[in-house]
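This report describes the fold of one protein chain, then looks at several residues and a pocket. The sequence and structure come first.

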Amino acid sequence: TADSTLVDSMYENCHYFKNTGGAASVHTGTVDISGSAKIKNASAVEGGAIYLSNGNVTMSGGTIEHCTADFGGAVYVASGDFTMTGGDIDHNTANGKNDADEEIGEGGAVYVEGGNIYIGKENCADINCLIVSNNTAVNGGAFAVSGSTPIMHCGKLIGNVAKQKGGALYVSSQSGLGGFTMLGGEINGGEVEANAVLGGGVYLAGGTYTLDNENAAISGNKAV
């Protein structure tokens with residue numbers, strides 16, 4: 001993908017059933033999503049809307065919604081830089097299954113295999129600068145991380161649901177390379193009946209999780 005800017009644009013019903021990135025597969029260059037841009041009803045095996053490898057994706061506005069993939073309902077980050085400072089990622093689903101027809105989908109909104117992921121700006125005064133809400137997966141309703149360590153400065157992860165572990169966040173790194181650093185923002189359970197079976201807000205299966213108790217908050221998450 002060469003450099004592209006999505007401002008007030010609509011990408012809808014884009015499907016790539018055999019590979020990556022229903023709307024965009026980024027292997028070089030930069031994609032900017034801003035304004036009222038919308039990616040809707042896109043699907044792929046990895047990254048229902050966007051697959052990122054060795055490029056840059058920045059999201060300062062717009063919406064990614066109702067997208068599906070086996071892993072990373074909206075976005076799959078293999079490598080490269082993904083920066084989200086605004087916009088909404090809503091109602092996306094990671095619904096992958098294995099050969100035994102068992103559900104294994106991870107990262108309803110974003111699946112992180114590697115790369116650099118920044119959520120919000122440093123010293124951000126508006127916690128509502130970005131919203132990641134109502135996304136669903138087996139593990140990691142909003143984010144599933146197996147490599148790299150995303151850094152969250154502000155924004156809200158709200159009302160996300162995992163059928164098993166980590167309503168908002170699931171960290172599964174077994175190599176010690178994966179984690180999540182929450183310096184600001186909020187993980188909120190929203191109005192759903194339950195966010196997960198284990199870890200209504202966060203489930204740590206490996207790697208690290210760091211929370212700044214003064215500037216970040218986890219509230220209202222429910223496990224059953």
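In this predicted model, T68 is bridged to T93, its partner in β13. The pairing between β10 and strand β13 (residues 93-94) is parallel and consists of two bridges. On β10 there is also a pairing with strand β7 (residues 43-46), again parallel, through three bridges. Here A44 has A69 of β10 as its bridge partner.

A69 itself belongs to strand β10, which covers residues 68-71. Is A69 buried or exposed? Its relative accessible area is 1%, and because buried means under 20%, A69 counts as buried. Leaving aside residues up to four places away in sequence, the contacts of A69 include A44, V45, E46, G47 and G48. T93, A94, N95 and G96 are also among the residues that A69 touches. G107 is 38 residues from A69 in sequence, and the two C-alpha atoms are 9.3 Å apart.

**The chain as a whole**

The chain has 27 strands and zero helices. Its radius of gyration is 15 Å, close to the 17 Å given by the globule rule for 224 residues, so the chain is as compact as a globular protein of that length. The C-alpha trace spans about 45 × 40 × 35 Å along the principal axes. Of the 224 residues, 51% are buried. Among contacts between residues at least 6 apart in sequence, 86% join residues at least 24 apart.

**Strand β16 and its partners**

Strand β16 runs over residues 130-133, and both of its faces are covered. L130 and V132 are buried on one side, and I131 and S133 are buried on the other. Which strands pair with β16? One is strand β12 (residues 81-90), joined to β16 by four bridges in a parallel arrangement. Within this pairing, D88 has I131 of β16 as its bridge partner. The other is β20, which runs parallel to β16 and is joined to β16 by three bridges. In that pairing S133 is bridged to I158 of β20.

**Residues in loops**

Several loop residues can be set side by side.

| Residue | Loop | Relative accessible area | Class |
|---|---|---|---|
| H91 | between β12 and β13 | 40% | partly exposed |
| N123 | between β15 (116-119) and β16 | 79% | exposed |
| C154 | between β19 (151-152) and β20 (156-158) | 3% | buried |
| A194 | between β24 (185-188) and β25 (202-206) | 21% | partly exposed |

H91 is not a glycine, yet its phi is positive, at about 55°. N123 is likewise a residue other than glycine with a positive phi, in this case near 60°.

C154 lies in a loop and is nevertheless buried, with a relative accessible area of 3%. Beyond residues up to four places away in sequence, C154 touches I119, G120, K121, C124, D126, I127, C129, L130, G184 and G185. One of these, L130, is a buried residue of β16. C124, another of the contacts, is 30 residues from C154 in sequence, with a C-alpha to C-alpha distance of 6.3 Å.

How is A194 classed for accessibility? Buried residues fall under 20%, and A194 has a relative accessibility of 21%, so A194 counts as partly exposed. Not counting residues up to four places away in sequence, A194 touches V161, K222 and V224. The C-alpha atoms of A194 and K222 are separated by 5.0 Å, although the two residues are 28 apart along the chain.

**The largest pocket**

Rolling a probe the size of a water molecule over the atoms shows where empty space is left. In this model the largest pocket holds about 170 Å³ of space. How many residues line the largest pocket? There are 14, and N123, H153, L183, G184 and N215 are those that lie nearest the pocket centre. By class, the lining consists of five nonpolar, five polar and four charged residues.

Two of the residues nearest the centre have already appeared above. N123 is the exposed residue whose phi is near 60°, and G184 is one of the residues that C154 touches.

Technical notes. Residues numbered from 1 in each chain as written. Predicted model: local features only at pLDDT ≥ 70, side-chain atom pairs only at ≥ 80, totals over all residues. Heavy atoms only, no water. 1 Å grid on protein atoms, 1.4 Å probe; cavity = no way out; pocket = protein on both sides within 12 Å on 5 of 7 lines; lining within 4 Å. Points joined across faces, edges and corners; volume = space filled by probe spheres on them. Nonpolar A, V, L, I, M, F, W, Y, C, P; charged D, E, K, R; others polar. Buried < 20%, exposed > 50% of the residue type's maximum accessible area, 1.4 Å probe, protein only. Contact = heavy atoms within 4.5 Å. Pairing = 2+ DSSP bridges. Rg over C-alpha atoms; globule rule 2.2 N^0.38 Å.
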